[in-house]
Amino acid sequence: MSFYWGESDAHPGGTVPHRLTIPITPHMIAMRGTEARPSRCAALDGAVGRHVACTIYPQRSTTCREFSAYTPECDKARIVYGLAPLLEEAAA
């Protein structure tokens, strides 16, 4: 997902490392790797489905700050990687 270019550390007050982003539009950027399919953010470390961690967690973008587990969006992302939806597990 894209986010406002001003969140990049190339701009005053920005925190997301610019070297890890790509331009999407004149005012929007995204994390490198998220433009591919399947996507894999350049800041993600580890093996999906086992253990992963964000290497820039304190500097992450608003799109990452707003993403939550146990949501339909989370389940969609899990299905792409062949993982069981969390909402179904929670209901069981």
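**Close-up views of a predicted model**

Trp5 is partly exposed (between 20% and 50% relative accessible area, with a 1.4 Å probe and protein chains only), at a relative accessible area of 26%. This is a predicted model, where local features need pLDDT of at least 70, side-chain atom pairs count only at pLDDT 80 or more, and totals for chains, interfaces and linings use all residues. Residues are numbered from 1 along each chain as its sequence is written, and side-chain values use heavy atoms, leaving out hydrogens and water.

**View A. Trp5 meets Tyr4.** A search of the whole structure turns up one aromatic pair (ring centres within 6.5 Å, using the six-membered ring of Trp). The ring centres of Tyr4 and Trp5 sit 5.2 Å apart with planes at 45°, so this pair is tilted (neither under 30 degrees, which is stacked, nor over 60, which is edge-to-face). Tyr4 is also partly exposed, with a relative accessible area of 44%.

**View B. Arg60 over a ring.** Here Arg60 lies over the face of Tyr57, 3.8 Å from the ring centre. The cut-offs for this are CZ of Arg, or NZ of Lys, within 6 Å of the ring centre and within 35 degrees of the ring normal.

**View C. Tyr70 in its loop.** Look between helix 1 (62-65) and helix 2 (72-80) and you'll find Tyr70 in the loop; these helices are DSSP runs of H or I, at least four residues, numbered from the N terminus. Phi of Tyr70 is near 60°, a positive value in a residue other than glycine. Most residues other than glycine have a negative phi.

Definitions and conventions. Helices (H or I, at least four residues) and strands (E, at least two) are DSSP runs, numbered from the N terminus.
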